[in-house]
Amino acid sequence: YDYSRPKQYDVSAMFQYPQGVDVYEHGHLQSIHYDNHRKPMMDILSNMKCNIAKLENGVRVSHQEYYQRISDAKILLAPFGYGEMAPRDLDAAQFGAVLIKPDMSYVDTCLDPFVNGETYIACKHDYSDLEEKVEEVLGNYNNYLYIIENARKKFSELYRPENIALHVYDIFKNLKGVTV
């Protein structure tokens, strides 16, 4: 894969913002949490002088257009949604973009592909250093291409069917009353 090929966009911010409609999960309104978390990121991006692929007023585009914009971006931003991990994390590796997202070091999980500076670039949760991170990557883009390759390898390695099966097996074998 040629990660250094010319790309139309500097940054992909292809996530829904604003939500546009009220989204409920388990009877609780979630739209406010999404929008409140994503607004600071979008405010920072709107003041930057870079070419940004984003949704207009949160209106979704076709799958083809969505993936085309992601594959045409050097950087993919992935704010949190209902959790810390998002499909965009894998999209970045798959479509050849450097992933920038809030720091994941506090997440205690197995099959963890997130290593700051190796498989993604961490920013602060309040996005106060986002502009600096984006400018650093864009200013030295070819020096960050290794992150894309590392992420692809890490996802491929961790999420092989055998590893997922072993992970599920370990969960069940450690339950009380289950004999293996």
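Here are some questions and answers on how terms such as buried, pocket and cavity apply to this predicted model.

Residues are numbered from 1 along each chain as its sequence is written. In this predicted model, local features need pLDDT of at least 70 and side-chain atom pairs count only at pLDDT 80 or more, while totals for chains, interfaces and linings use all residues, and side-chain values use heavy atoms, with hydrogens and water left out.

Q: Why is Asp 10 said to have no salt bridge?
A: A salt bridge needs a side-chain nitrogen of Lys or Arg within 4 Å of a carboxyl oxygen of Asp or Glu. For Asp 10, the nearest side chain of opposite charge is Lys 74, at 4.1 Å, so the pair does not meet the cut-off of within 4 Å. Asp 10 is nevertheless buried, that is, under 20% relative accessible area with a 1.4 Å probe and protein chains only.

Q: What does Asp 10 touch?
A: Contact means heavy atoms within 4.5 Å. Leaving aside residues up to four places away in sequence, Asp 10 touches Cys 50, Asn 51, Ala 73, Lys 74, Ile 75 and Leu 138. Asp 10 itself sits in strand E1, residues 9-13 (a strand is a DSSP run of E, at least two residues; a helix is a run of H or I, at least four).

Q: What makes the space of about 40 Å³ a cavity?
A: On a 1 Å grid over the protein atoms alone, a cavity is a set of points where a 1.4 Å probe fits but cannot get out. One cavity of 30 Å³ or more is counted, and the largest has a volume of about 40 Å³, the space filled by probe spheres set on the points.

Q: Which element gives the most to the lining of the largest cavity?
A: Lining residues have an atom within 4 Å of a point. H5 gives the most, with four residues, while H3, E6 and H5 each supply at least two.

Q: Which residues of H3 are buried, and what covers them?
A: Arg 88, Asp 89, Asp 91, Ala 92, Ala 93 and Phe 95 are buried. Their cover includes H1, H2, E5, E6 and H5. Of these H3 residues, Asp 89, Ala 92 and Ala 93 are among those lining the largest cavity.

Q: What makes a pocket a pocket, and which residues lie nearest the centre of the largest pocket?
A: A pocket is an open set with protein on both sides within 12 Å along at least five of seven lines. The largest pocket has a volume of about 560 Å³, and Met 14, Gln 16, Arg 60, Tyr 66 and Arg 88 lie nearest its centre.

Technical notes. Buried < 20%, exposed > 50% of the residue type's maximum accessible area, 1.4 Å probe, protein only. Lys, Arg positive; Asp, Glu negative; His and termini not counted.
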